[in-house]
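Biologist: I should like to go through this structure with you and hear the grounds for each term that is applied to it. Please begin once the sequence and the structure are in view.

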Protein chains: 2
Amino acid sequence: MFSELRNIQGLDWQENGQAVLSGRLLHVLQRLDQRFLQWALDWGAEEFRFPAFLSARELDRLDYFRSFPHLATFPVALDGRPEKLRAFTDRPVDGDGAVRLGECAPVREVLTPAACYHFYVLFQDRCLERPADLTTVATCFRREAYYRPLQRQWNFTMREIVRLGTAEEVDEFLECFRERCRRLFLQIGLSIEWRPASDAFFDPPRNPRALAQRLDPLKTEMVFGGELAIGSLNVHRNFFGETFGINRGDQPVSSGCVAFGLERWLYALLCRFGPDDRTWPAAVLETDGT
Amino acid sequence: MFSELRNIQGLDWQENGQAVLSGRLLHVLQRLDQRFLQWALDWGAEEFRFPAFLSARELDRLDYFRSFPHLATFPVALDGRPEKLRAFTDRPVDGDGAVRLGECAPVREVLTPAACYHFYVLFQDRCLERPADLTTVATCFRREAYYRPLQRQWNFTMREIVRLGTAEEVDEFLECFRERCRRLFLQIGLSIEWRPASDAFFDPPRNPRALAQRLDPLKTEMVFGGELAIGSLNVHRNFFGETFGINRGDQPVSSGCVAFGLERWLYALLCRFGPDDRTWPAAVLETDGT
């Protein structure tokens with residue numbers, strides 16, 4: 001894979017696992033997202049913009065915290081009482097850079113771990129007369145054991161296109177986007193392996209109710225360079241429909257989504273076509289067509 | 001002011017102080033940001049995209065935590081040892097929706113409270129031969145005592161345009177953007193009061209080193225409806241230059257920025273022109289020209 005990321009114009013890398021993008025590289029990321037957004041709009045999807053937080057109580061209904069406690073990041077504020085704040089200000093940060101939090105306000109939120117969860121929360125208790133096609137792009141947060149520029153970041157950008165509908169409607173949707181991705185990979189000459197996958201569950205044998213058992217093995221990843229998933233197709237069956245009381249007719253709705261990790265796409269394109277996007281095939285950054 | 005936000009198409013509001021936007025309303029927000037981005041590009045600024053986190057150690061150099069401990073939100077992950085994670089999964093969320101965090105990993109980051117801080121960290125220890133013109137849009141996080149849809153959110157969207165340069169270069173920059181804002185307000189008929197302001201410092205008499213004393217009274221707010229600041233012009237003198245060792249020639253660089261709170265702009269436009277943007281004057285959503 002590509003190891004010279006430090007020398008790429010427009011990419012700065014911070015110790016805490018996060019990239020700063022600027023210039024042409026930022027433009028590439030924006031163009032990529034525009035393409036996927038255009039795909040979504042062509043399909044008739046409506047775009048949403050969600051906050052950075054999800055309610056912990058809602059996410060708990062998915063058994064997320066039992067399945068992925070190691071990935072979760074929580075937004076924590078200090079205890080707001082003046083004497084507590086004053087105690088904090090005495091020495092807010094240790095010599096090694098760690099914050100001396102002290103007492104905190106109750107934590108009721110979690111930083112969004114995947115863009116599409118917001119939709120199931122928003123649509124809860126609704127009954128759909130037709131399939132709902134939705135899209136959003138979100139900063140997603142996953143604590144990892146290590147970080148790599150563009151490949152594995154504590155925060156990263158995910159564009160998702162989601163359908164809620166009958167099982168057949170979801171299949172039709174996923175088949176269309178699988179085909180669209182295939183055509184794109186062929187057209188630009190990006191070599192991708194489609195591979196069944198499951199998420200990185202915590203301690204699955206001890207988590208009988210975990211998401212694992214219900215979603216696995218319904219994820220197919222688009223794998224670049226033998227190891228990096230730059231996107232995925234996901235069938236959720238009626239897991240979200242049941243959990244959040246979303247119906248299609250008189251049945252819990254099925255759902256499925258296609259997800260694109262934008263920084264990973266950027267990484268794959270840099271590996272495949274080199275550090276200067278002006279030398280890339282024009283089709284890579286087109287936002288209409290394929 | 002406008003109290004019927006619950007009935008506006010494309011706006012959903014969550015208890016935790018955050019709005020969900022979709023449809024035409026989301027489009028309005030995007031058009032607003034495009035306009036400000038275009039202003040920045042016209043001025044020759046380069047666009048950046050930053051992560052959601054800032055290093056706490058860096059922010060501490062600004063005395064941020066002594067000045068605004070009540071506003072700060074920290075990204076907190078669990079202690080990653082398997083036995084600790086397992087203990088957490090026993091009962092991750094209380095009946096009242098509060099997360100039972102237990103032991104946590106050391107906290108070294110803070111959720112970005114203002115977009116422009118990232119630039120001073122990125123440019124630290126540099127010596128500039130000419131002014132640097134920069135822009136970014138960021139989700140910013142400020143814990144508040146209460147929240148109101150679009151007006152006061154725990155996370156909100158801020159577009160900033162920043163200049164690092166000599167004091168004269170910063171003045172010239174701010175004067176240009178003051179004039180550009182003035183022309184826009186006049187053109188679309190939005191009544192704005194320009195008002196000197198200072199930020200909401202914690203316990204200022206006990207914080208002699210606080211940002212307050214150095215920045216105040218160098219902020220001018222664009223106030224809508226007598227109380228809502230939808231944007232501001234800020235002179236920092238050489239505070240950031242000194243703190244982060246950024247020089248212009250052989251002097252600590254001066255800096256200034258213009259900041260736009262996008263959800264508040266949306267709120268002001270909804271108040272002024274009504275809930276349906278199709279009835280608004282065309283100039284409101286133009287992205288070139290003024």
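**The two chains and their terms**

Modeller: Across the interface, 56 residues of chain A are in contact with 55 residues of chain B. Those on the side of chain A that touches chain B comprise 31 nonpolar, 13 polar and twelve charged residues. Please note that this is a predicted model.

Biologist: What makes two residues count as being in contact?

Modeller: The criterion is that their C-beta atoms, placed from the backbone, lie within 7 Å. By that criterion 56 residues of chain A have partners among 55 residues of chain B.

Biologist: How do you know that the two copies are related as by a two-fold rotation axis?

Modeller: A turn of 180 degrees, with a shift of 0.0 Å along the axis, lays chain A on chain B with an RMSD of 0.0 Å. The two copies are therefore related as by a two-fold rotation axis. In chain A, the C-alpha nearest this axis belongs to A:Pro75, at 2.4 Å from it. The same surface serves both copies, as 98% of the contact residues of chain A recur in chain B.

Biologist: What makes strand E5 of chain A and strand E5 of chain B a pair?

Modeller: Pairing requires at least two bridges found by DSSP. Strand E5 of chain A (residues 73-77) and strand E5 of chain B (residues 73-77) are joined by five bridges, so the requirement is met, and they run antiparallel. Within this pair, A:Pro75 has B:Pro75 as its bridge partner.

Biologist: Which residues have the most contacts inside the largest nonpolar core?

Modeller: They are A:Met158, A:Leu266, B:Met158 and B:Leu266, in a core of 165 residues. Beyond its neighbours within four places in sequence, B:Leu266 is in contact with B:Leu25, B:Val28, B:Leu29, B:Leu32 and B:Leu150.

Biologist: Why is strand E8 of chain B called largely enclosed?

Modeller: Strand E8 of chain B (residues 132-141) has ten residues, of which eight are buried, so the strand is largely enclosed by the rest of the structure. Strand E3 of chain B (residues 46-49) pairs with E8(B) in the parallel sense over three bridges, and B:Glu47 stands opposite B:Thr135. Strand E9 of chain B (residues 155-165) is joined to E8(B) by ten bridges and runs antiparallel to it. There, B:Val137 has B:Arg159 as its bridge partner.

Biologist: How is chain A divided into domains?

Modeller: Domain 1 of chain A takes in 5-73 + 113-285, and domain 2 takes in 79-110. Their C-alpha centres lie 34 Å apart. Six residues of domain 1 are in contact with four residues of domain 2. On the domain 1 side, strand E4 (53-55) and helix H2 (56-60) of chain A each supply at least two residues, and E4(A) gives the most, with three. That side has five nonpolar residues, one polar and no charged.

Biologist: Why is A:Val170 called buried?

Modeller: The term applies where 20 or more other C-beta atoms lie within 10 Å. A:Val170 has 25, so A:Val170 is buried. A:Val170 is placed in helix H6 of chain A (residues 167-188). Its contacts beyond four places in sequence are A:Arg163, A:Gly165, A:Val235, A:Ser254, A:Ser255 and A:Gly256.

Biologist: Why is A:Asp125 called exposed?

Modeller: A residue is exposed if 12 or fewer other C-beta atoms lie within 10 Å. A:Asp125 has 8, and is therefore exposed. A:Asp125 is in the loop between helix H5 (117-122) and strand E7 (127-128) of chain A. A:Asp125 has a positive phi of about 65 degrees although it is not a glycine.

Biologist: What makes B:Arg237 and B:Arg108 partly exposed?

Modeller: That term covers counts between the limits for exposed and buried. B:Arg237 has 16 other C-beta atoms within 10 Å, so B:Arg237 is partly exposed. B:Arg237 is found in strand E12 of chain B (residues 228-237), with a positive phi of about 50 degrees. B:Arg108 has 19 other C-beta atoms within 10 Å, and is therefore partly exposed. B:Arg108 lies in the loop between helix H4 (82-90) and strand E6 (109-111) of chain B. Beyond its neighbours within four places in sequence, B:Arg108 has contacts that include A:Asn16, A:Gly97 and B:Ser55.

Notes. Residues are numbered from 1 along each chain as its sequence is written. Chains are lettered from A and ligands numbered from 1 in the order in which they are written. This is a predicted model: local features need pLDDT of at least 70, side-chain atom pairs count only at pLDDT 80 or more; totals for chains, interfaces and linings use all residues. Ala, Val, Leu, Ile, Met, Phe, Trp, Tyr, Cys and Pro count as nonpolar, Asp, Glu, Lys and Arg as charged, and the others, Gly among them, as polar. Helices (H or I, at least four residues) and strands (E, at least two) are DSSP runs, numbered from the N terminus. Copies are superposed by least squares on the C-alpha atoms of residues with pLDDT of at least 70 in both. A nonpolar core is a set of buried Ala, Val, Leu, Ile, Met, Phe, Trp, Tyr and Cys residues joined through C-beta atoms within 7 Å. Domain bounds come from an automatic or database domain assignment.
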